[in-house]
Amino acid sequence: MTVETPRRAPLGEWATRLGELAPALSIAEQPFLTHLSLRVRSRAPMAALGEVLGTGLPRQPCTFASGTGRAGAVDVAWLGPDEYLVMAAPGIQPELESLLRQALDGTASAVVDVSAQRTTLSLAGPAVRDVLAHGCAIDLHPRAAPAGTCVQTLLARTGITLLVRADDEFTLLVRQSFAPYLAAWLVDAAAEYRTERT
């Protein structure tokens, strides 16, 4: 007999505390998103991949691209010279993985479902860059990190992937096991801004 256990968002218990940081900092968890690791060395399948994803793979290091393809809206982050992370809506891993495998057919490449590895946070608000600067060594000034930037770095000694969507809007990916620690750090780091700006 198999017993199904309901899925729990890694930061479900933190929703109220994170919500109290608004309006200086708005944080919302987007759990269970589809995350596929894509490794591709050849340029041959790029047109087919672009058709599936609705966007080309980022060619510039430390950037990401967004599009709407055959599986819906996606973000594709450059993680290394031949490594990308494809992010999409929850629950479409099998469909998107199958489409990517068809596009990559016959090439030296790999697609791996890593959706269970990380959870996703959306951060926005006038204090977002200041709060992140408390624990991140990357220069997050808009001139150094404009919209479209994607970096893998440490935030409060926790490995993260950070996507800059706009001047005051970020997406942060963190391993699920480190998510509660990072949430606690964000609540603490944002406390002074909540007091000053509300």
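This short presentation goes through the cysteines, one helix pair and several single residues of the structure.

Good morning, colleagues. Please bear in mind throughout that we are looking at a predicted model.

I shall begin with the cysteines. How many disulfides does a search of the whole structure find? The search finds zero. Take Cys-62, which takes part in no disulfide; the nearest cysteine sulfur belongs to Cys-150 and is 7.2 Å away. Why does the sulfur of Cys-150 form no bond with that of Cys-62? A disulfide requires two cysteine sulfur atoms within 2.5 Å, and the sulfur of Cys-150 has its closest cysteine sulfur, in Cys-62, at 7.2 Å, so the pair is too far apart for a bond. The surroundings of these two residues may also be stated. Cys-62 has a relative accessibility of 38%, and therefore counts as partly exposed. Cys-150, with a relative accessible area of 2%, is buried.

I turn now to a pair of helices. Helix α2 covers residues 46-53, and helix α3 covers residues 93-103. Their axes lie 8 Å apart, and the two helices pack at an angle of about 160°. Because angles over 145 degrees count as roughly antiparallel, α2 is roughly antiparallel to α3. The crossing of the two, α2 and α3, is right-handed. Which residues meet at this contact? From α2 come Ala-48, Leu-49, Val-52 and Leu-53; from α3 come Leu-96, Leu-99, Leu-100 and Ala-103. Sorted by character, the residues of the contact comprise eight nonpolar, no polar and no charged.

Let us stay with helix α3 a moment longer, since Glu-97 is also located there. Is Glu-97 buried or exposed? Its relative accessible area is 18%, and the cut-off for buried is under 20%, so Glu-97 counts as buried. Leaving aside residues up to four places away in sequence, Glu-97 touches Leu-36, Val-111 and Asp-113.

From the helices we pass to the strands. Ser-37 belongs to strand β2, residues 34-40. With a relative accessible area of 17%, Ser-37 is buried. Which residues does Ser-37 touch, not counting those up to four places away in sequence? They are Glu-83, Tyr-84 and Leu-85, together with Ala-110, Val-111, Val-112 and Val-114. Val-111 thus appears among the contacts of Ser-37 and also among those of Glu-97.

A second strand residue is Ala-73, in strand β4, which spans residues 72-80. Ala-73 has a relative accessible area of 53% and is exposed, whereas Ser-37 in β2 is buried. With residues up to four places away in sequence again set aside, Ala-73 touches Gly-67, Thr-68, Met-87, Ala-88 and Ala-89. As for distance, Ala-73 and Ala-191 are separated by 118 residues in sequence and by 34 Å in space, C-alpha to C-alpha.

My last residue lies in a loop. Where is Asp-139 found? Asp-139 sits in the loop between α4 (128-133) and β8 (150-155). Its relative accessible area is 48%, which makes Asp-139 partly exposed. Asp-139 is ten residues from Arg-129 in sequence, and the C-alpha to C-alpha distance between them is 9.6 Å. Not counting residues up to four places away in sequence, Asp-139 touches Ala-144 and Ala-145.

To close, I would recall two points. The search found zero disulfides, and the contact of α2 with α3 has eight nonpolar residues, with no polar and no charged ones. Thank you for your attention.

Key
Residues numbered from 1 in each chain as written. Predicted model: local features only at pLDDT ≥ 70, side-chain atom pairs only at ≥ 80, totals over all residues. Heavy atoms only, no water. Buried < 20%, exposed > 50% of the residue type's maximum accessible area, 1.4 Å probe, protein only. Axes fitted to C-alpha atoms, helices over the stretch in contact; angles between N-to-C directions. Helix = DSSP H or I, 4+ residues; strand = E, 2+ residues; numbered from the N terminus. Parallel < 35°, antiparallel > 145°, perpendicular 65-115°, else oblique. Left-handed = near helix turned anticlockwise from the far one by under 90°. Contact = heavy atoms within 4.5 Å. Nonpolar A, V, L, I, M, F, W, Y, C, P; charged D, E, K, R; others polar.
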